[in-house]
Amino acid sequence: MSKPEMDEKTREQIIANPNLLLEDHDVMRALVGGDDDNKGGNIVDLRGIAMERLEARFDRLEDTHRNVIAAAYDNLAGTNQVHRAILRMMDADTFTAFLDDLTGDVANTLRVDAIRLVLESAEPEADNDMGPAVAVVPEGFIDDYITLGRNMPVRQITLRKFDNAGASLYGERAGYIQSEACLKLDLGEGNRPGMLIMGSEDPQQFTAQQGTDLLTFFTGVFERVMRRWLG
């Protein structure tokens with residue numbers, strides 16, 4: 001058995017962690033550029049390994065490229081949906097028309113299966129005659145609904161799985177809703193906070209991992225439109 005020409009410590013390091021060689025571009029370039037006839041089969045093997053590594057990296061790069069394009073397309077499509085919904089929302093010339101559009105064209109444009117405006121009142125039973133688009137609830141209900149009664153900060157946008165907590169807000173559609181978006185509304189000085197809820201039958205439409213930039217923008221516009229009607 002021939003004695004290895006490299007020192008034992010270096011040999012042990014390479015055996016323990018071969019990536020030290022395979023991921024070092026200069027070392028791999030020197031090995032691949034060696035004389036195959038003089039160096040025997042080991043150089044060919046290393047070249048094959050190096051090519052496999054390069055192909056794997058290329059595949060990962062392609063996947064990343066596709067994912068970036070898909071994400072950009074989804075973001076553009078989502079932006080267009082929100083813009084169209086806002087324009088439709090601003091077309092209404094009466095509050096009744098605004099509410100009709102909210103549960104009609106606006107909901108369809110945003111591709112949600114249910115949408116409802118939630119307003120707090122000191123006398124919810126007396127004020128609960130604003131039609132099917134509006135739910136009037138007791139004071140403090142909105143924060144409790146968003147946090148599910150837990151002691152935690154109330155975010156402006158909450159995306160989550162729907163687990164039937166507060167099913168009454170969705171009425172007969174509650175049994176089909178799988179995910180929801182809760183948009184807390186600042187309705188201006190002198191008015192209690194409001195909330196816009198959107199429900200979807202798709203469990204993946206609203207998840208906590210999604211970005212909220214578009215919905216934050218939509219909420220800001222919705223608040224301003226509501227202040228106009230309430231003012």
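Which residues do ring pairs link into a cluster? In this predicted model, the cluster consists of Phe95, Phe98, Phe218, Phe222 and Trp229, joined through ring pairs. The structure as a whole holds seven aromatic pairs. One of them is formed by Phe95 and Phe98, whose ring centres lie 5.9 Å apart with 20 degrees between the planes, a stacked arrangement. Their planes count as stacked because the angle falls under 30 degrees.

The position of these two phenylalanines along the chain is worth a look as well. Phe95 and Phe98 both belong to helix α6, and, being three residues apart there, they are separated by about one helical turn. Their surroundings can be described through accessibility: Phe98 is buried, at 1% relative accessible area, while Phe95 is partly exposed, at 22%. The value for Phe95 leads to the label "partly exposed" because buried is reserved for residues under 20%.

Trp229 brings a charged neighbour into the picture. The charged end of Arg228 sits over the ring of Trp229, at 4.8 Å from the ring centre, and Trp229 is itself a member of the aromatic cluster. A further arrangement of this kind involves Tyr145, with the charged end of Arg160 placed over its ring and 5.2 Å from the centre.

Attention now turns to helix α8 and what follows it. Thr147 lies in this helix, which covers residues 141-147. Thr147 is buried, with a relative accessible area of 4%. A polar atom of the Thr147 side chain lies 2.9 Å from the backbone oxygen of Asp143. Leaving aside residues up to four places away in sequence, Thr147 touches Met152, Pro153 and Val154.

Leu148 is found in the loop between α8 and β3, the latter spanning residues 157-161. Here the backbone takes a positive phi, near 55 degrees, in a residue other than glycine. Most residues other than glycine have a negative phi, so such a value invites a second glance. With 37% relative accessibility, Leu148 counts as partly exposed.

Where does the place of Arg111 fall? Arg111 is located in the loop between α6, residues 95-110, and β1, residues 114-121. Arg111, although not a glycine, has a positive phi of about 60 degrees. Arg111 is exposed, with a relative accessible area of 59%, and the label applies because exposed means over 50%. For readers browsing the model, Arg111 and Leu148 thus make a handy pair to inspect, as each has a positive phi and each lies in a loop.

Conventions
Residues numbered from 1 in each chain as written. Predicted model: local features only at pLDDT ≥ 70, side-chain atom pairs only at ≥ 80, totals over all residues. Heavy atoms only, no water. Helix = DSSP H or I, 4+ residues; strand = E, 2+ residues; numbered from the N terminus. Buried < 20%, exposed > 50% of the residue type's maximum accessible area, 1.4 Å probe, protein only. Polar contact = N/O pair within 3.5 Å; in protein donor to acceptor, adjacent residues only side chain to side chain. Contact = heavy atoms within 4.5 Å. Phe/Tyr/Trp six-rings, centres within 6.5 Å; stacked < 30°, edge-to-face > 60°. Lys NZ or Arg CZ within 6 Å of the ring centre and 35° of its normal.
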